[in-house]
Amino acid sequence: MQKNALHRTVNVMRLFIVGLILSLTVLSPARAGGERLVLETSDQSLDLTVEIADTSEARSKGLMMRETLAPLHGMLFDFERSTVVA
């Protein structure tokens, strides 16, 4: 069970990083609200605000049609299972 939780955490982190990179590239505005996400390493902590795209519709729309994005804001794409996503 612990191995599955670790695997899910790693996959969520990968998806977050991809979503953050894409959102920073698009420079779209974040919707009001969002979830707080803190990434910690051995020497630093990064406090982010993320929107969670956890439905097919939300993932398809992503950050389209947004013109700006606040600093340290992004979108986390949750595909509900471990898989390679292009």
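**Salt bridges**

I looked for salt bridges first and got two in this predicted model; the criterion is a side-chain nitrogen of Lys or Arg within 4 Å of a carboxyl oxygen of Asp or Glu. Residues are numbered from 1 along each chain as its sequence is written. As this is a predicted model, local features need pLDDT of at least 70 and side-chain atom pairs count only at pLDDT 80 or more, while totals for chains, interfaces and linings use all residues; side-chain values use heavy atoms, with hydrogens and water left out.

Arg36 pairs with Asp47, and I read 3.0 Å between the closest N and O atoms. Arg36 sits in strand β1 (residues 35-40) and Asp47 in strand β2 (residues 45-53), so this bridge ties together parts that are 11 residues apart in sequence. I took helices (H or I, at least four residues) and strands (E, at least two) as DSSP runs, numbered from the N terminus.

Then I checked accessibility, where buried means under 20% relative accessible area, exposed over 50% and partly exposed in between (1.4 Å probe, protein chains only). Arg36 is exposed at 63%, and Asp47 is partly exposed at 38%.

Glu51 and Arg66 make a salt bridge too, at 2.8 Å from N to O. Glu51 belongs to β2 and Arg66 to the loop between α2 (56-61) and β3 (73-77), so the pair ties together parts that are 15 residues apart in sequence. I find both Glu51 and Arg66 buried.

**Asp78**

Next I went to Asp78, in the segment after β3. Buried or exposed, this Asp78? Buried, with a relative accessible area of 18%.

I listed its contacts, meaning heavy atoms within 4.5 Å. Leaving out residues up to four places away in sequence, Asp78 touches Arg8, Leu15, Ala53, Asp54 and Arg59. I also took the C-alpha separation of Asp78 and Asn11: it is 9.1 Å, with their positions 67 residues apart along the chain. The Asp78 side chain reaches the backbone nitrogen of Glu80 at 2.8 Å.

**The sheet**

I traced the order of elements from the N terminus as α-β-β-α-β, which comes to two helices and three strands. The strands form an open sheet in the order β1-β2-β3, with mixed pairing; two strands pair if DSSP finds at least two bridges between them. β1 and β3 are at the edges with a single partner strand each, so one side of each has no neighbour in the sheet. On average, neighbouring strands are turned by 50° against each other, direction ignored; the axes are lines fitted to C-alpha atoms, and angles run from 0 to 180 degrees between N-to-C directions.

How many bridges join β1 to β2? I get six, and the two strands run antiparallel. Leu37 stands opposite Leu48 in β2.

**Confidence and totals**

I pulled the pLDDT, the predictor's confidence in each residue from 0 to 100. The chain averages 77, and 71% of the residues score at least 70. Among the elements, helix α1 (residues 2-26) has the lowest mean at 66, and β2 has the highest at 90. Over residues 25-32 the value is below 50, though this stretch has 26 contacts in the model beyond near neighbours in sequence. Where pLDDT is low, the predicted coordinates should not be read in detail.

For the whole chain, I note that buried residues make up 26% of the 86 residues. Of the contacts between residues at least 6 apart in sequence, 62% join residues at least 24 apart.

Conventions
A polar contact is a pair of N or O atoms within 3.5 Å; within protein, one must be able to donate a hydrogen and the other to accept it, and residues adjacent in sequence count only if both atoms are side-chain atoms.
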